[in-house]
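The following exercises guide a reader through one structure. Each sets a task and then works through a solution step by step.

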Amino acid sequence: MSDSDPLVSFRRVQKTYDGELLVVKDLNLDIRRGEFLTMLGPSGSGKTTSLMMLAGFEVPTHGEITLAGQSLRDTPPHKRDIGVVFQNYALFPHMTVEENVAFPLAVRRVAKAEQKTRVARALDVVKLGALGHRRPGQLSGGQQQRVALARALVFEPKLVLMDEPLGALDKQLREHMQIEIKHIHENLGLTVVYVTHDQSEALTMSDRIAVFHEGVVQQLDTPHGLYERPSNSFVANFIGENNMLGGTLELVDAGSCRVRLDDGTVIHARAGCGDGAGRRVSLSLRPEKIDIEPADETANKLRATVKETIYHGDHMRVRLDVLGNDDFTVKMRYRANRVVPKPGDVLSIGFAERDCLALDAPH
Amino acid sequence: MRPEVPLTSPSLAAPLGATGTSLKAQLHRAERMRKLRAFALVLPLLVFLLITFVAPILDMLRLAVVDRDLSSVWPHVTQSIGAWTDRSKVPPPAVFDALATDLHDSYHARTLPLAARRLNYALDNGRTLVFGTARRLPETSADWRATLIEIDPHWGDLKTWAAIDQASGPVTSFFLLAAVDRQKTADGHIVSTPSSQAIYVEVLTRTFKVSFTVTLLCIVLGFPVAYLLATQPPRRANLLMILVLLPFWTSLLVRTAAWIVLLQEHGIINHALVWLGIIDAPVRLIYNRIGVYIAMTHILLPFLILPLYSVMKGIKPSYMLAAKSLGASPTEAFIRIYLPMTLPGIGAGALLVFILALGYYITPALVGGAADQMISYFIAFYTSDSVNWGMASALGSVLLVATLLLYWVYDRLVGISNVKLG
């Protein structure tokens, strides 16, 4: 097999716990060697179940998972050679940090001397070299997280799985650890499958993101692709902030389209929807790509009533009522001598065709 | 550069609060009311424990060494026995005179049985000696020594006088020595009790052996049950928990009696074993050690299961998953990860079962044979049958000391902070 073959592939994988509801409906997913792939989705979307099936803690009710070309069907978890980092770290409380990290080597009957050097190296990677003799209970949450990471890396597994590993940390530490895990991934050339419900975490760290919803991967793409070209309104809403306007498709032409809003206004947008005049579509508009009082040549313009303004330091959020959608948010950059809108003002908003994406309306 | 600001070190003087008094004093005042209230809440229990637990133990320790039975009825001889200095000969005549006075007085005061009973603890013939002599005692005698020895030659025996000396109080080591099969000779040496009479060391060893075996059986049988309870879905775990607790709702006596029915020679268990072809003829399962082990293990099992269950309940399943993902086989993950994490529960349960088993009395008395009686049986015998409080207290004290000693060793080996009851 060549390097371009996927390291892991899910083929038509289904999972049900009660025989009635499919938690994972039809998972087809290839994970490339050396990539950082994130499974992103709200809770109950099937992302953790998919990870647990890969780790071997859950058995698929249908379909097959392969690792490096080998089916995992009959491989128990301890023979899969996959490192797992758990949300609550699962460090063994009766062992020191060093013993924890040495555990995977000890059960593999690695010689004591080699264990020692490899443990030291792994602890250095996570910058914990000096704390080897402590017990997990004596460490802070961030340090415990690093130990869990070192333990999952020390036996050089084919694949590292992380199940919301930063969920228990505060915001600042979480952002710091995101960058650190990303660097470790790059430096060691690991293949990482990461599960999170935090979209900003996914955007920061991943090479590719699989967005899960109701047991189905909605879109598998790079962070940039997900943000700029969401394939449906769930992804558009889940990744970043989004405003939605309903309308009817009039014409599709070479990636562009014309949409008539419910009040009759015609909008020029990129087409991300199916073809066929008369179908219901949702227009997806990012708050930072909308101008207030736009220049004359702006392609699309709408009237809006100011509901509320919220000061955010570097920018201001203006909540507007646009065509009956009173949760329409616009991010306004702060500039000197700019007139700040007041609630009740009626003003004009505008956006370019490339910043407006027409998607199939959710059912 | 910032200009240097002169620093007033707060560490030089105690920090002052708003009213000028030190912060520490303010804290103390603020805390005092809270502490007093907390103390008032525990006070009833504290008093209750002092009266019903601490005081009886102290009294028991006192009774093990206090000995006033003889001196209360024979005041003269127990006082004058101090004149007996040369322990190679019988005491001087004055002591015999005092004995004659006491025998005479207590015979008329009808307190002779008290003295006879006390001397009988130490002398095989104590009762006959006292009663026989008192009956045949003349009113007067010129030489009481000769008269008394003439009535009963045992009065010329050094052993008799050593017994009177050791029983003359107010404190004695007689009971404590007897509780460990030791006795004092006439010249004050401590020697082993003749093997025909020595039983307590064996009983004590037996008590510890039975308790240890029962604890071991409880661990072996209780561990899987606790594991089952901790890993089943809540609904089924609750049902199982009720089954575990069910024995608690029945009286100890009823449960023990039930075992007699089950284990007897023509009982259900023997019939079942014969029917299954495991044995050819009924075996003896009761009135021997097997019966004691079965009944005690059954009764004490919940005390091991409960603490172990609560510890197991606290072990998150992710530990085992982590161990497996790191390459440990299920067996290895169990031995290296799960088992060590349950040790505090095993420790607590084992300690509880062991200490409870040490004091078991009814169960061995009902389902055990004569050779299976534990130390509490003898304590009960001395308190209720023979009313020998000194001996009962001494045996109790020995058991208490042995248990504390064992607890200390346990603390050294396992560490009591590693024990978790819930």
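A residue is buried if 20 or more other C-beta atoms lie within 10 Å of its own, and exposed if 12 or fewer do. The model shown here is predicted.

**Exercise 1. Determine whether helix α2 of chain A is largely enclosed or open, and identify what covers its buried residues.**

Solution.

Step 1. Locate the helix: α2 of chain A spans residues 97-107.

Step 2. Apply the criterion for burial. The buried residues of α2(A) are A:Val97, A:Glu98, A:Asn100, A:Val101, A:Ala102, A:Phe103, A:Pro104 and A:Leu105.

Step 3. Draw the conclusion. Because eight of its eleven residues are buried, helix α2 of chain A is largely enclosed by the rest of the structure.

Step 4. Look for the cover. Among the elements lying over these buried residues are α3 (112-125) and α4 (141-153) of chain A.

Step 5. Inspect what follows the helix. After α2(A) comes A:Arg109, with a positive phi near 60°.

**Exercise 2. Describe the contact between chain A and chain B from the side of chain A.**

Solution.

Step 1. Count the participants: chain A contributes 18 residues and chain B contributes 15 residues.

Step 2. Assign them to elements. On the side of chain A that touches chain B, β6 (82-85) and α2 of chain A each supply at least two residues.

Step 3. Sort by class. This side of chain A comprises twelve nonpolar, four polar and two charged residues.

**Exercise 3. Establish where the buried residues of helix α5 of chain A lie around its axis.**

Solution.

Step 1. Check the helix. With 18 residues (171-188), α5 of chain A reaches 26 Å from its first C-alpha to its last, close to the 26 Å expected at 1.5 Å a residue.

Step 2. List the buried residues of α5(A): A:Met177, A:Gln178, A:Ile181 and A:His185.

Step 3. Consider their directions. These residues cover an arc of only 115° around the axis, and therefore they are on the same side of α5(A).

Step 4. Turn to the other face. Away from the buried side, α5(A) carries the exposed residues A:Gln172, A:Ile179, A:His183, A:Glu186 and A:Asn187.

Step 5. Name the packing partners. The buried residues of α5(A) pack against β3 (36-40), α4, β8 (192-196) and α6 (199-205) of chain A.

Step 6. Note the end of the helix. A:Gly189, just after α5(A), has a positive phi of about 65°.

**Exercise 4. Trace the pairing of strand β12 of chain A with β11 and with β13.**

Solution.

Step 1. Begin with β11. Strand β11 (residues 243-253) of chain A runs antiparallel to β12 (residues 256-261), and six bridges join the two. A:Gly247 has A:Leu261 in β12(A) as its bridge partner.

Step 2. Examine the turn. Two residues lie between the strands in the hairpin of β11(A) and β12(A), where A:Ala254 has a positive phi near 50°.

Step 3. Proceed to β13. Strands β12(A) and β13 (residues 266-271) of chain A are also antiparallel, joined by five bridges. Here A:Val259 is partnered by A:Ile267 in β13(A).

Step 4. Examine the second turn. The hairpin of β12(A) and β13(A) has four residues between the strands, and A:Gly264 takes a positive phi near 105°.

**Exercise 5. Find which strands stand at the edges of the sheet that contains β15 of chain A.**

Solution.

Step 1. Write the order. The sheet is open, has five strands and follows the order β15-β19-β16-β17-β18 (chain A), with antiparallel pairing.

Step 2. Identify the edges. β15 (291-292) and β18 of chain A each have a single partner strand, so one side of each is left without a neighbour in the sheet.

Step 3. Verify one edge pair. Two bridges pair β15(A) with β19(A) in the antiparallel sense, and A:Asp291 stands opposite A:Gly350 in β19(A).

**Exercise 6. Decide whether A:Pro341 is buried or exposed, and name residues it touches.**

Solution.

Step 1. Place the residue: A:Pro341 is in the loop between β18 (325-333) and β19 (346-351) of chain A.

Step 2. Apply the criterion. A:Pro341 is buried because 21 other C-beta atoms lie within 10 Å.

Step 3. List contacts. Not counting residues up to four places away in sequence, A:Pro341 touches A:Ile292, A:Val306, A:Thr309, A:Val318 and A:Leu347.

Step 4. Compare sequence with space. A:Pro341 and A:Val318 are 23 residues apart in sequence, and their C-alpha atoms are 8.1 Å apart.

How values were computed: Residues numbered from 1 in each chain as written. Chains lettered and ligands numbered in written order. Predicted model: local features only at pLDDT ≥ 70, side-chain atom pairs only at ≥ 80, totals over all residues. Contact = placed C-beta atoms within 7 Å. Nonpolar A, V, L, I, M, F, W, Y, C, P; charged D, E, K, R; others polar. Pairing = 2+ DSSP bridges. Expected span 1.5 Å × (residues − 1). Arc of directions from axis to C-beta.
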